[in-house]
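Work through the exercises below with the model open. Each task is followed by its solution.

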Amino acid sequence: MWLRNQTSLADFILEGLFDDTPTHLFLFCLTMLVFLVALSGNTLTILLICVDHGLHTPMYFLLSQLSLMDLMHICTTIPKMATNYLSGRKSISFVGCATQHFLYLSLGGAECVLLALMCYDSYVAICHPLHYTVLMSRKVAVMMALTSWLGASLNSIIHTFILMHFPFCGTRKIHHFYCEYPAVVKLVCVDITVYESTVYISIIVLLLLPIILVSTFYGFILHSVIEMRSAGIKRNAFATCSSHLIVVSLWFGACIFSYMRPRSQCTPLQDKVGSVFYSIITPTLNPLIYTLQNKDVAKALRRVLGIQITQ
């Protein structure tokens, strides 16, 4: 029993994303550049929403939570990948792997729920503008954020606890650049049919259900926009929703590619490509999409920079 416990707590080996070839060195440098863009973009968004009083609304509060999730997401995976690549070491401790699994699963699930709730915010703003302050008060926005964080964290801690208590076989080599569920579960050497069924249920709740809610809300939004008589109002409504719809499509598209495909058709390379997209590319694009198409954020940035320059 003691030997089994010692073995179960042994380090894992992360295959990583790059090798030592010049091409992969270039791709590593490009990845780190994208990481810095994501880091600065999301940090700037959070600080801007906190500092500028004009952005102290439920919509921008939810946007700040989305940026915080993206910021934590990239910091959960990329620094460890970069450290291993630069040092030549590929190991990650058992505790480190469990922590990484818990964090990425919590943040991913929370973002799925939050994006669906942000669609509700857009629905109320466009379809029920006169009741917006009642239906989307500050208290409601805080409850939405807490629901996203707490619900996803509870789901993640349960799955991480169960997964990390299974016995792992072989060389414990994870064919990935971080401890993602599909890669880690392949190392388990006992029958986990029942556990995989509970994972599919979680995927339905945290992935398919938000997609259904997003589709429903945007169906109502599209119907309301079509009935609007003013062309200017239509343009403003489409501009308001287009940025959020792009973010939602990118995020859920990548998640579906990674988690809804049959396991028999998945390869390590496909898993890595899907993970790169929603763990690196999407967190980088989110602040750019929201800020470039949002006049309020652009004005707030000019106000803050103007105050600092004046001072």
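**Exercise 1. Aromatic contacts**

Task: Find which aromatic cluster Y120 belongs to.

Solution: In this predicted model, Y120 joins Y123, F217 and F220 in one aromatic cluster. Next, count ring pairs: the total is 15 aromatic pairs.

Task: Classify the pair formed by the rings of Y104 and Y178.

Solution: Start with the distance. The ring centres of Y104 and Y178 are 5.4 Å apart. Then take the angle. The planes stand at 75°, and over 60 counts as edge-to-face, so the pair is edge-to-face. Now place the partners. Y104 belongs to helix α4, while Y178 is in the loop between β3 (173-174) and α7 (181-184), so the pair ties together parts 74 residues apart in sequence. Last, check exposure: Y104 and Y178 are both buried.

Task: Which charged end sits over the ring of F12?

Solution: That of R172, 4.5 Å from the ring centre.

**Exercise 2. Helix α4**

Task: Test the span of helix α4 (residues 94-127) against its residue count.

Solution: The helix has 34 residues. At 1.5 Å a residue, the expected span is 50 Å. The end C-alpha atoms lie 50 Å apart, which agrees. For cover, 25 of the 34 residues of α4 are buried.

**Exercise 3. The cavity**

Task: Describe the largest cavity and its lining.

Solution: The count gives 1 cavity of 30 Å³ or more. The volume of the largest cavity is about 330 Å³. Its lining has 20 residues; L105, G109, I203, L206 and Y259 lie nearest the centre. Helices α4, α6 (138-163), α8 (193-227) and α9 (231-259) each supply at least two lining residues. By type, the lining has 13 nonpolar, 7 polar and no charged residues.

Notes
Residues numbered from 1 in each chain as written. Predicted model: local features only at pLDDT ≥ 70, side-chain atom pairs only at ≥ 80, totals over all residues. Heavy atoms only, no water. Helix = DSSP H or I, 4+ residues; strand = E, 2+ residues; numbered from the N terminus. Expected span 1.5 Å × (residues − 1). Buried < 20%, exposed > 50% of the residue type's maximum accessible area, 1.4 Å probe, protein only. 1 Å grid on protein atoms, 1.4 Å probe; cavity = no way out; pocket = protein on both sides within 12 Å on 5 of 7 lines; lining within 4 Å. Points joined across faces, edges and corners; volume = space filled by probe spheres on them. Nonpolar A, V, L, I, M, F, W, Y, C, P; charged D, E, K, R; others polar. Phe/Tyr/Trp six-rings, centres within 6.5 Å; stacked < 30°, edge-to-face > 60°. Lys NZ or Arg CZ within 6 Å of the ring centre and 35° of its normal.
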